[in-house]
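Please look over this protein with me, side chain by side chain. Have the sequence and the coordinates open as you read.

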Amino acid sequence: MNNARIATTVLAGLLGTAAIADTKADVLVNYANIAEAKYADSLSTAQALQAAVATLIAEPTDANLAAAKEAWLASRAPYQQTEVYRFGNAIVDDWEGKVNAWPLDEGLIDYVDASYGGPTDDNEFAVLNIIANPTFSIAGTEIDASTITPELLAETLHEADGVEANVATGYHAIEFLLWGQDLNGHGAGAGARPATDYASGDDCTGGHCDRRGQYLQAATDLLVSDLEWMVAQWAEGGAARAEVLADEGRGIVTILTGMGSLSYGEQAGERMRLGLMLNDPEEEHDCFSDNTHNSHFYDGQGIQNVYLGSYTRVDGTKISGASLSSLVAAADADLDKELTGKLAVTMAALGDLKAAADGGFAYDQMLEAGNEKGEALIMGGVNGLVDQTKSIERAVTVLGLDNIAFEGSDSLDDPDAVFE
């Protein structure tokens, strides 16, 4: 559903004169430093999740399951703030599908309710249930899954048979294994997987509890190793840092591409407006845990803190420095004020949505047809994101850049196509 939304102007010497070259370089260094910090925070919180998962598997109590869920939720806050780095940074975009792919056909992984259905024309493995089946065939090849390892998940099962919905790795596979399916439709409540799904002997529910534990541990270990890799890409000498610093003009284009694409097509369109148009709770980003409101909030915050050149780490320390805002202000102070203000308006709208969900008005409920309060909350975020994108496009113009393509969405660009 992604269409190109193009912001165009006349190329003007890759952001102007050499007189501000050091300023541009400082902006890019700060951008890379913040990326490194965000991914490092994502890694440290994933390591805390890894420890909580190990405890749950060793002692599957309600308290340990709750602790693992809390660790997963905590890990999402820094990670979602990294998504603004995805668009424009090829290294991140090529990697992102391993850690944050959605939506997923969860029946690939584990048992699902009968209402889920069976194999489809689009995905014959929609209910494969890897946990219950130690051997199976993919594209005519017999797969030995008697031991579930990170390598099996990453190299054989993720996007099995070339189907993107066959998500076997990352945050959402782990989320499903902790919460289970959310069978509440538009009602309040997340998934309710029992801790006994990881128990041994006669206490085991759901069957194959030892293999479920293997899968959960393997997926969590893989998430940690994937994040370790990405932290290294943004550290001194890392490939992602080197790429963004190699050319100042392209580097600033990268920042704007990430901001505009996440604001418009990805978040406003695919993650928010589309679900509201379809009134479909399955279009939630964190659909098993009912954490979508937080994912939306922290995505928005990621856009804002990249523009302002600041980030507050999970330990409370703050990184700040030269910013894209300063470059825009030097070219057009009024536009910088406008964009800074619009980012704040968007964050206020996403904050209202988050507060309502934290107060018991679940995102599932907001998506229900005819729920005017829910629609207003979601559209407040959508409208803010769309409006700030217009100012991001203007920033492209005043900085003298050309042909920056922002991700689009049929839900915004061609709504009738959504229902074709």
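The questions and answers below deal with a predicted model.

Q: What is the average pLDDT of the protein?
A: pLDDT is the predictor's confidence in each residue, on a scale from 0 to 100. In this predicted model, 95% of the residues score at least 70. The average for the protein is 93.

Q: Over which residues does pLDDT stay under 50?
A: The model has 59 contacts beyond four places in sequence for this stretch. Even so, confidence stays under 50 there. The stretch is residues 1-22.

Q: How many aromatic pairs does a search of the whole structure find, and is the pair of Tyr85 and Trp234 edge-to-face or stacked?
A: The search finds eight aromatic pairs. In one of them, Tyr85 and Trp234 lie 5.5 Å centre to centre, with 75 degrees between the planes. Planes over 60 degrees apart count as edge-to-face, so this pair is edge-to-face.

Q: Which parts of the chain does the pair of Tyr85 and Trp234 link?
A: The two residues are 149 apart in the chain. Tyr85 is buried at a relative accessible area of 0%, and Trp234 is buried at 0% as well. Tyr85 is in the loop between helix H2 (62-80) and helix H3 (90-100), and Trp234 is in helix H6 (residues 209-234).

Q: Which residues are linked by ring pairs into a cluster with Tyr85?
A: Tyr85 pairs edge-to-face with Trp234. Ring pairs make a cluster that takes in a further tyrosine. The residues linked with Tyr85 are Trp234 and Tyr31.

Q: What is the angle between the planes of Phe176 and Phe288?
A: Phe176 is in helix H5 (residues 171-179), and Phe288 is in the loop between helix H8 (248-278) and helix H9 (292-308), 112 residues apart. Both are buried. Their rings form a tilted pair, 5.2 Å centre to centre, and the angle is 45 degrees.

Q: Which ring does the charged end of Arg76 sit over?
A: Two charged side chains can be placed over rings here. Lys354 lies over the face of Phe297, at 5.8 Å from the ring centre. The charged end of Arg76 is 4.9 Å from the centre of its ring, that of Tyr171.

Q: Which side chain of opposite charge is nearest to Lys38?
A: Lys38 belongs to helix H1 (residues 21-58). Among the residues Lys38 touches are Pro78, Tyr85, Asn305 and Tyr311. Lys38 is buried but has no salt bridge. The nearest side chain of opposite charge is 8.8 Å away, and that is Asp299.

Q: Which residues are linked with Asp299 in a network of salt bridges?
A: The count of salt bridges comes to 20. Some of the residues involved are linked into a network. Its members besides Asp299 are Glu83, Arg86, Asp93, Glu96, Glu266 and Arg271.

Q: Are Asp197 and Arg193 buried or exposed?
A: The two form a salt bridge, with the closest N and O atoms 2.8 Å apart. Asp197 has a relative accessible area of 1%, and Arg193 has 5%. Buried means under 20%, so both residues are buried.

Q: Which helices does the salt bridge of Asp387 and Lys342 tie together?
A: Lys342 also meets Glu338 in a salt bridge at 3.7 Å, N to O; those two lie in one helix, four residues apart, about one turn. Between Asp387 and Lys342, the closest N and O atoms are 3.2 Å apart. Asp387 is partly exposed at 31%, whereas Lys342 is buried at 18%. The pair joins parts 45 residues apart in sequence, because Asp387 lies in helix H13 (residues 372-398) and Lys342 in helix H11.

Q: Where is the cis peptide bond of Pro103?
A: Most peptide bonds are trans. Here omega is about -15 degrees. Pro103 lies in the loop between H3 and strand E2 (135-138). The cis bond joins Pro103 to Trp102.

Q: What is the phi of Asp161?
A: Most residues other than glycine have a negative phi. Ala139, an exposed residue at 64%, has a positive value near 55 degrees. Asp161 lies in the loop between helix H4 (150-157) and H5, and is partly exposed at 40%. Its phi is also positive, at about 60 degrees.

Methods:
Residues are numbered from 1 along each chain as its sequence is written. This is a predicted model: local features need pLDDT of at least 70, side-chain atom pairs count only at pLDDT 80 or more; totals for chains, interfaces and linings use all residues. Side-chain values use heavy atoms; hydrogens and water are left out. Rings of Phe, Tyr and Trp (its six-membered ring) pair if their centres lie within 6.5 Å; planes under 30 degrees apart count as stacked, over 60 as edge-to-face and the rest as tilted. Buried means under 20% relative accessible area, exposed over 50%, partly exposed in between (1.4 Å probe, protein chains only). A charge sits over a ring if NZ of Lys or CZ of Arg is within 6 Å of the ring centre and within 35 degrees of the ring normal. Lys and Arg count as positive and Asp and Glu as negative; His and the chain ends are not counted. A salt bridge is a side-chain nitrogen of Lys or Arg within 4 Å of a carboxyl oxygen of Asp or Glu. Contact means heavy atoms within 4.5 Å.
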